[in-house]
Structure formats: C-alpha cells, structure tokens
Amino acid sequence: MKKTLLSIILGLGLLSNAGAQTSILSENFEGGALPAGWSITTLATDGGWKFGNATLLSSTDFPFTAHTIFAGTNDDKCNCTKSNDLLKTPMLDFTTNTNVFMSFASFFVKGTYQAKTEVAKVVVSTNNGVTWTDVASFPGYFPWTINDVNLSAYAGMDSVMVGFKYNDGGGWLYGWGVDDVEIYEPQTGTDLSVSSTVVGKLDPRPSFVGYPKYLTSLPLNVQTTVKNQLTVPVTSFDFSWTDGIASYNQTITGIQIDPLATYTFNSTTQYSTLAGLNTITSTISNVNGAVDLNPSNDAASFEVTGLTAVPDKKYFIEEATGTWCQWCPRGAVFMDYMEKTYPTQFVGVAVHNADPMVVTAYDAGIGGLVAGYPSAIPNRNAEIDPSDMEGDFIDYISTPTDVNISGSATLNLATNQITIDLSSTFSQNLTGDYRFMAVLVEDSVKGSGSTYNQVNAYGNNAAGPMGGFESLPASVPAATMKYDFVNRALLGTFTGQTASIPASVISGTAYNYQFANIPYVATWKKDKLTGAAVVIDGSTGLVMNATKFPINVVTGLSTNNVGSLKGSFIFPTLTSENITLSVTLSKTAAVTYTITDVLGKVVRSTNLGTIQSGTSTTDFNVNNLTSGVYFMNLVSTEGKMTQKFIKQ
C-alpha cells in the first residue's frame, strides 16, 4: 500500500463532569456485536461498522490502538465505498431534559490521500432517520481521545436519533473508531476546568508545540486550554501560573465560553527556560466572579527540563526528499526552520531522489535507511518525520561528544576544483574505525521544466498550514520553487572514507584529512555553496559529530598563498605551537595581520607596525588556539596575502 500515516498528533481529552448527571444512554460495545436497538446504514461491501478489539478491526496501514471492544469502520482494510457509514443509536426521548450532553471515545486520523480527505461527524435525526443534521465534526486525534458534543438543541424532543457518520470522501483512506458512548443530562451550573497547560512555541507550520526539554534561557509561551464542563457560559476568570520560583497573574474578560466549548490562550508573561527539571502549574479561579462547582479540576501542570548545548557539537540531518513527493514540502519547511532557529548547530543536507538534483551514490545510501518520503535521518541514528527534528535536536545537542571536527574549503576558479581540509580532535583515547565524510551543499537551487515542479499535498490548503505551501498550487511551478540544502557532491563514500582517521586516536591530537581535486560544476552558484563534513563511527554507521563551513574562492593563485604578496608566507603550516611569518616587501610599508577560523571569525588581530623593504620574519605562538583549520590574512599597502594553516 502506498499511503502511510505521516505524523501522530496526540489529542488530550477530558471526561465531562460526572457530578449529579442523569444518564440517558450508555454503551461500551463490550457485547462484541451491534447493540440492541442500534442500526447501521452503509454503502460499503464489508457491512460498514464492525465490533471487536484492535487486533480484529485493524489493518496494516490503519492500526487501532487497544481500547477493549469498540465500534470501528476501516476504509483502509476494505478499500470500498464508505462515503456514508452511519452507526445509529436507538430512538431517544429528551422530553424531560433541559440540557443534553454526549461524550465518547474516538480514534480518528482525518487523513488525506490523493487529494481526498476523510470526515467524521456526529449527526442527529428527528424524523426517524429520513434526514440528518450535522452537529459536530472532528479533527484528527489519535490515540483514543474523549470528544464531547452538546445536544441541548434537541432537549424537550421525544424522537431523537444520534448517528456517527464516517465519509471517506470517495478515496482510499483510514477509518474511525468509537467507544464508551454516554448521553446524559448534566448538572446545571458553572464548572470551568483546565484541560491542559503546555510550555512551548510556534513551529513553522505554524502550530503550537511543547517539548519536555528546551535549551536554557529560551523564551517560551505558557499556553493553557480551559473547557466549560457544565451549562452556564463562562465570561471571565482569573488565571495564574508559576514555575516554582515566581508567579504571574492576569484576569481574562470579554470572552464567552459556551457549554462544552474550549478556550486556548497564551500567558501575557513568557517563561524563560530554567536549567534542570521544572514544573509549570497553571490555575484558574474566580470563574464568572465566583467559585465554580468543581474546584478539583482548576489546575494543570507541565514539566519542562532546561538543557545547555554542548560547545562545538553539531546536529547532522540528511533529509530524504524529491520533487515528486507530495508531502516533501514539509521537509523543506522544517529544514529551513531548523537552520534559522539553530544556525550554528544545525547541519542539514537534502538528499534528492528520482529528480534532477539526485546524486546517485548518496541517494542509494539514504534509500537503505528510510522507509518513506519525506524522512529525516539525524546523525544516521533513526528515521524520523521532519516535523520531529526540533525535539530530537534538543535531546541530542545536550549530550557529550567524543570528537570535535573543523573544516575549510577552497574553490580555485583557475582549475575549477575544490579542496576540502578537515581536522578532528578526540576527547579521549579510542580504538576503532573512524572516518571522515564530506559533502557539498547548495542553497537556492532553481531549474526549469516540469521535473523541477514540486508536487504539493498542502496546495490550495488541502492539508492544513505548512509554512506557506498551503497557499501554493498542488504542483508548484519550477519558476516559483527554490530548493535549499541540495547535495551536489558526496566525497569519499556514503559510509565514510576508510583510513582517513587512524584506528587508534589519542586525546587532544588533531587528525587531518584532505579531499582534493573535486570538480566544480559551472551551473553551481559559488556564493550559495557550502561544505559539510562528519566523523562516522564505521562500526555502527553513526555520525559522531559534524561541521559546516563556507567555500573560499580564489582566482588562479595557489591556495597555499593567495594574494598579491606572493613572496610572503608562513611556516610550518601544520603546527601545535609556533608559526613563523616571512614578509617580503618591495618598499617600506605598514603591515597588519588577522587570523580567522573556518567560519570567518577573527580570533587574533595584530598591527606589526612599519616593516622595512626586503624580507623579514616574525615568530608568534598559536598555542592558545583550539585545534582546527585557520587562515592567516596579511594586509599592507603593498597588497594582501592569505595562507591556510592547521593548529594541531
């Protein structure tokens, strides 16, 4: 089967207030068959709704989670017409009821496949099932979630049927599970509960997400959802939240929360992530100016741990994507988000499949690690959905690493070749199979022709928001698209260059390797090209750490001495402590030098003053520099010189 469940949304449901309620109908389907008085209408060849446990009612691509015995309709299993699968209650008498509520457990994906979307609704008939009125429809929540429906519009009526209607939209979708149906008259009064409180922020869809861990000092929102559990509309309440150290209060007015409705809001004060495990507790009070009937549900908590990123540790992501892949815009959106949110720690590569940007060897390697598209492979560890990258990143970036890696790349336009120099330093003595792998990555790649069109399942808002792709068509024209993180070259092999790092490494020693004579393709945009490299543990295939670096462009000069001061140079270019600078001038001139790292950051700057014509030397110590690749930049009125050296 081609379709797959693309993401899991965990729904949070609360049972309705049970105090002093009067039951009208209760059904848990534990009989394992159509209950007495209930009925089914269907166009499906499998008979529509069935009754059983998760094992009996599941299929390969629509697996129900356990919920004892329940009612379910499975479009994936049948692949038949389920545009009117209707499960109906017996005739109900509401003549003595002032208010009528219903709660039930639901398992529903609200999936979309091949531009068809499934729908789950509660419907009501007052004329013995001749016509039906839509009362409520439901978003995709799974696993099982408690849903509540207000049927009070039918209070006082004597012939009411309630139905659970599934519609596959004419496509091949998933299905719906229903259990624990309760129809009752609630207690009259006021009860506002705190359904949930979540600490988090907007992701790029945008959608509010809350992770159990965040980097410290990050400003986060405290988002709280409250629910009116009883019959009196709520128009005001007081709200407070605390992180255990400080408390913050606000009064919320100018609202109307109707019976069984929810209201979600952000605190006016943000939470600055504290180190360690902290509990954020939200509390409501003074509902409609008084104490509500059930104070026991007036608070909820969320635990969040503040972590610190490990210095020099990078998060390496290989995104499996393709222009043909209808859900791959999600990968593009979340890759851009990660780069913008964590620019110094995120190292991303988009590995294209079966489109004009494919690199065959890289595609083959990634193909062996993924089950579907889009996918993200963090540090060659496990396949995840691109929308899960941030949570995985936070977990990963705070754990120690055994190796630091730095690198630099030079494009020589005279030879149209690129050279990549890498250096790794381990934090402990190790013995094993360690390897460098490097790639070239290009941003803002554009092409012409239909093969550069991006198929877009989010087009025309068919599948909810996705970073702007919902406003684009189902096939985004090549002229509109630009592709970032595009892999242009895989250096060495997918599993890393064998023997590029010794089998036994000594803590603090720099191990260097060079990928040379890499052909530069004229259609690549050199100002959008970057390099990335990783150290791979060959025994496990896992990435131990990564780095990324710009491409330094030179025009026909030796990469070992670039500039107009050709007679000037430094030696040795591989050192652990001292370097000698030899300066040759045709006339007396003022000279300054700077040392930059591979990211262009100036780590040292010195004015050498006026130097006489001829050749002179200056010694200096680089012992305080961390191991890695650096550039000596010499400037005078005579010209400039840039030369690379490696600090061990």
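Start by selecting C78 and C80: the link between them is right-handed, with 120° about the S-S bond. The model is predicted, and every value on this tour is computed from it.

**First stop: the disulfides**

Stay on C78 and C80, which are joined by a disulfide with an S to S distance of 1.8 Å. C80 counts as buried because its relative accessibility is 14%, and the cut-off for buried is under 20%.

How many disulfides does the structure hold? There are two. For the other, select C325 and C328, where the S to S distance is 2.3 Å. The torsion about this S-S bond is about 85°, so the disulfide of C325 and C328 is right-handed. C325 has 3% relative accessibility and therefore counts as buried. C328, at 2%, counts as buried as well. With the bonded cysteines of the protein chain numbered in sequence order, the pairing reads 1-2, 3-4.

**Second stop: the open sheet**

Next, show the strands as a cartoon and pick out β2, β5, β12, β9 and β10. These five strands form an open sheet in the order β2-β5-β12-β9-β10, with antiparallel pairing. Which strands sit at the edges? They are β2 (39-41) and β10 (133-137), each of which pairs on one side only. From one strand to the next, the twist averages 25°.

Within the sheet, select residues 85-88, strand β5, together with residues 161-167, strand β12. The two strands pair in the antiparallel sense over four bridges. For a single bridge, pick L86, whose partner in β12 is K165.

**Third stop: the nonpolar cores**

Now select F237, Y315, F316, F346, Y362 and M389. These residues have the most contacts inside the largest nonpolar core, which has 79 residues. Centre the view on F346. Leaving out residues up to four places away in sequence, F346 touches Y315, I317, M335, M338, E339, M389, F485 and K548. Another core lies apart from the largest one; its 42 residues include F29, F70, A71 and Y166.

**Last stop: helix α5**

Return to M389, which is among the residues touched by F346, and extend the selection to residues 389-397, helix α5. Is this helix mostly covered or mostly uncovered? Helix α5 is mostly covered, with seven of its nine residues buried. To see which they are, select M389, E390, G391, F393, I394, Y396 and I397, the buried residues of α5. M389 thus belongs to two selections: the buried residues of α5 and the residues with the most contacts inside the largest nonpolar core.

Technical notes:
Residues numbered from 1 in each chain as written. Predicted model: local features only at pLDDT ≥ 70, side-chain atom pairs only at ≥ 80, totals over all residues. Heavy atoms only, no water. Buried < 20%, exposed > 50% of the residue type's maximum accessible area, 1.4 Å probe, protein only. Pairing = 2+ DSSP bridges. Axes fitted to C-alpha atoms, helices over the stretch in contact; angles between N-to-C directions. Core = buried A, V, L, I, M, F, W, Y, C linked by side-chain atoms within 4.5 Å. Contact = heavy atoms within 4.5 Å. Disulfide = S-S within 2.5 Å.
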